[in-house]
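Open the model in your viewer and keep the selection panel at hand. The tour goes from one selection to the next.

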Amino acid sequence: MLTLVRSPEVLPQAARPLIAVGSEDPGTFALDRLATVSLAEMVEHAALMHRTDRKYFAPLTTVRSLIDVLSDSHRVLEIDGRWSTLYRTLYYDTENLDACRHHVQKRRRRWKVRSRLYVEDGLCRIEVKTKDNRGQTHKVMGPSSPSRYGELSGAELDFVTTHLGVTHPEVDTSSMVQSAEVSYRRATLANLDHGTRVTIDWNLHCRLEAGDVWIDPAYALIETKGPVLPSVGDRALSSLGTRPRSFSKYAAAVSMMTPTIADNDVRFLQGSILHHRFRDT
């Protein structure tokens, strides 16, 4: 069981990675070249609760080039003068780590359950994310509070049981356990004309009971969110020589730290893009 810091006053400090993973500022990515978009506008035009996700690893130099390419078509999400937000996400799984195993086994139908905290905004949600047989991602979010970040009981458990039960009634939600916490900083770009988004995550660190996993400070994780057909963001990444890959922050971290879960795709990244260390016992 992971031990989490509860006090909202110390969350930003507590969320800092245990490993020195760099401090790439969004200004370095030249986000100031983009027009801004409010959260309300983005939710209206690019909420994307049902979508296709594609993920890419890219060197920071490629991220800056990508923003140059997208500067005419995308706007950067701005909240209270910020162009990025610190995320903390606590993942739940079965004792057998079924959610992780299903991803590694590349099952079409799979699920994730998580408690997510937007640190600077003091906003917390409980989320259920599923993928269907067509590869489409479906996400539902329920209200929570910062003081209940990392809790799966009461209203949060009822929400998960109701929504996960629709597609995965075999999962016993009442016996789920905390399995990993992921923290990172995210900037979000939105194309309001096409209703698509591009997110850029850096300083990404995952804490598990066994140890820590983190992305190399020279890289960022980019996600495109949109329809089945490649979006403007996907085509821009392709033009920069970056290709999508199947990747889950949660599943990658758990599989790297769990010898009984063999994920060759993740092992291929080990030592170059992904790093890990076991905690002293």
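A residue counts as buried here when its relative accessible area is under 20%. Keep that cut-off in mind for the first stop. The model is a predicted one.

**Stop 1: strand β5**

Select residues 110–118, strand β5. How many of its 9 residues are buried? The count is 9 of 9, so the strand is mostly covered by the cut-off of under 20%. Now look at its two faces. In a regular strand, side chains alternate between the two faces of the sheet. On one side of β5 sit Arg-110, Lys-112, Arg-114, Arg-116 and Tyr-118, all buried. On the other side are Trp-111, Val-113, Ser-115 and Leu-117, and these are buried too. Both faces are thus covered.

**Stop 2: the neighbours of β5**

Add residues 85–93, strand β4. β4 pairs with β5 in the antiparallel sense, over 6 bridges. To find your place, pick Leu-90: it stands opposite Ser-115 in β5.

Next add residues 123–131, strand β6. This strand also runs antiparallel to β5, and 9 bridges join the two. Ser-115 is a useful landmark again, since it stands opposite Ile-126 in β6. Move to Arg-110 and you will find Lys-131 of β6 opposite.

Go to the link between these strands. β5 and β6 form a hairpin with 4 residues between the strands. Select Gly-122 there: its phi is positive, near 60°.

**Stop 3: on to β7**

Extend the selection to residues 137–143, strand β7. Which way does β7 run relative to β6, parallel or antiparallel? The two run antiparallel, joined by 7 bridges. Use Glu-127 as the marker here; its bridge partner in β7 is Met-141. β6 and β7 make a hairpin as well, with 5 residues between them. In that turn, Gly-135 has a positive phi of about 85°.

**Stop 4: two positive phi values outside glycine**

Most residues other than glycine have a negative phi. Two residues to select now depart from that pattern.

Pick Lys-106, in the loop between α4 and β5. Its phi is positive, near 60°. Lys-106 has 48% relative accessibility, so it counts as partly exposed.

Then jump to Asn-203, in strand β9 (residues 196–207). Asn-203 has a positive phi of about 55°. At 22% relative accessibility, Asn-203 is classed as partly exposed.

**Stop 5: the largest cavity**

Rolling a probe the size of a water molecule over the atoms shows where empty space is left. In this model the count comes to 3 cavities of 30 Å³ or more. The largest has a volume of about 70 Å³.

Which residues line the largest cavity? Select His-103, Val-104, Lys-106, Ser-246, Phe-247, Ser-248, Ala-251, Ala-252, Asp-263, Asp-265 and Val-266. The elements that give two or more residues to this lining are α4 (98–104), α7 (249–257) and α8 (264–269). Lys-106 from the previous stop belongs to the lining too.

**Stop 6: helix α7 and the loop before it**

Stay on α7. Is the helix enclosed or open? All 9 of its 9 residues are buried, so α7 is largely enclosed by the rest of the structure. Among the buried residues are Lys-249, Tyr-250, Met-256 and Met-257. Ala-251 and Ala-252 are buried as well, and both line the largest cavity.

Step back to Thr-242, in the loop between α6 (232–239) and α7. Thr-242 has 7% relative accessibility and therefore counts as buried. What is Thr-242 in contact with, leaving aside neighbours within four places in sequence? Show Tyr-56, Phe-57, Ala-58, Thr-62 and Leu-237.

**Last stop: the whole chain**

Zoom out. The chain has 8 helices and 12 strands. Of its 281 residues, 54% are buried. Among contacts with a separation of 6 or more, 72% join residues 24 or more positions apart. The chain exposes about 12600 Å², and carbon and sulfur atoms supply 52% of that area.

Finish by colouring by confidence. The average pLDDT is 88, and 89% of the residues score at least 70. Select residues 5–24, where the pLDDT is below 50. Beyond near neighbours in sequence, this stretch has 42 contacts in the model. Where pLDDT is low, the predicted coordinates should not be read in detail.

Technical notes
Residues numbered from 1 in each chain as written. Predicted model: local features only at pLDDT ≥ 70, side-chain atom pairs only at ≥ 80, totals over all residues. Heavy atoms only, no water. Buried < 20%, exposed > 50% of the residue type's maximum accessible area, 1.4 Å probe, protein only. Pairing = 2+ DSSP bridges. pLDDT = per-residue confidence, 0-100. Contact = heavy atoms within 4.5 Å. Areas by Shrake-Rupley, 256 points an atom, 1.4 Å probe, with all protein chains shown as cover. 1 Å grid on protein atoms, 1.4 Å probe; cavity = no way out; pocket = protein on both sides within 12 Å on 5 of 7 lines; lining within 4 Å. Points joined across faces, edges and corners; volume = space filled by probe spheres on them.
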